[in-house]
Amino acid sequence: MMKVISFLFLTAFICTNSLASIGKGELIEAIKGRYILQTNEAGEIHFLIRSSGKLQVIKSDWYDSNESATTYPAKFTIEQGDNGLLRGMPVGHLIFSEGSDEQAIDYHLILTAEQNWNRENPSIRLLSSFALENDGPNEVATVLSTKLSLLKYSVKYKKFILLK
């Protein structure tokens, strides 16, 4: 009888825990590093994702170098679903905003980390990238691009590599 109760308790415990292969912490650990976003409209945006999850722009062709590090309008959020039993894979959403008082251009990147059955280090996947323009005086709101180039610095290869 005690074995049956122990078995039921263990089964209930395992079924109610949300064990996920990759959580928010693992996502940040996988995607931290140095990046270059290449755009047609604003040139290159160089940025870091720190191990704390903080996004830091270090250089931009649009803004001068003194503005880039401190006041660059960019943000990084992590979202993930939850079906009540298991949390879904986390997704990082980065937004870089450029423009003036008359025109706004936003660059969106959606990233995740993928871990396959081999249990090796997760690989970074660029799920989507796009640029949007909102030009008030000219009454134009449009999708500028649906594919941006994102490069990540590889410590192993000592060069920037295109993410796919």
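Is Tyr153 buried, exposed or partly exposed? Hi everyone, let's keep that one in mind while we look at the aromatic rings in this structure. One thing up front: this is a predicted model.

So, how many aromatic pairs does the structure hold? There are 4 of them. Let me start with Tyr72 and Phe96. Their ring centres are 6.3 Å apart, and the planes meet at 65 degrees, so we call this pair edge-to-face, since that angle is over the 60 degree cut-off. What I like here is that the pair links distant parts of the chain, with the two positions 24 residues apart. Tyr72 sits in the loop between helix H3 (65-71) and strand E4 (74-79), while Phe96 belongs to strand E5, residues 91-99.

How about accessibility? Tyr72 has a relative accessibility of 9%, so it counts as buried. Phe96 comes out at 0%, so Phe96 is buried too.

Now on to Tyr153, which pairs with Phe160. This pair is edge-to-face as well, with 5.3 Å from centre to centre and 70 degrees between the planes. And here is the answer to my opening question: Tyr153 is partly exposed, because its relative accessible area is 27%, which falls between the 20% and 50% limits. Phe160 is also partly exposed, at 26%.

Tyr153 has a charged partner, too: Arg34 lies over the face of the Tyr153 ring, 5.5 Å from the ring centre.

Finally, back to Tyr72 and Phe96. Which residues do ring pairs link into a cluster? They are Tyr35, Phe47, Tyr72 and Phe96. Thanks, everyone, I'm happy to chat about any of these rings!

Notes: Residues are numbered from 1 along each chain as its sequence is written. This is a predicted model: local features need pLDDT of at least 70, side-chain atom pairs count only at pLDDT 80 or more; totals for chains, interfaces and linings use all residues. Side-chain values use heavy atoms; hydrogens and water are left out. Rings of Phe, Tyr and Trp (its six-membered ring) pair if their centres lie within 6.5 Å; planes under 30 degrees apart count as stacked, over 60 as edge-to-face and the rest as tilted. Helices (H or I, at least four residues) and strands (E, at least two) are DSSP runs, numbered from the N terminus. Buried means under 20% relative accessible area, exposed over 50%, partly exposed in between (1.4 Å probe, protein chains only). A charge sits over a ring if NZ of Lys or CZ of Arg is within 6 Å of the ring centre and within 35 degrees of the ring normal.
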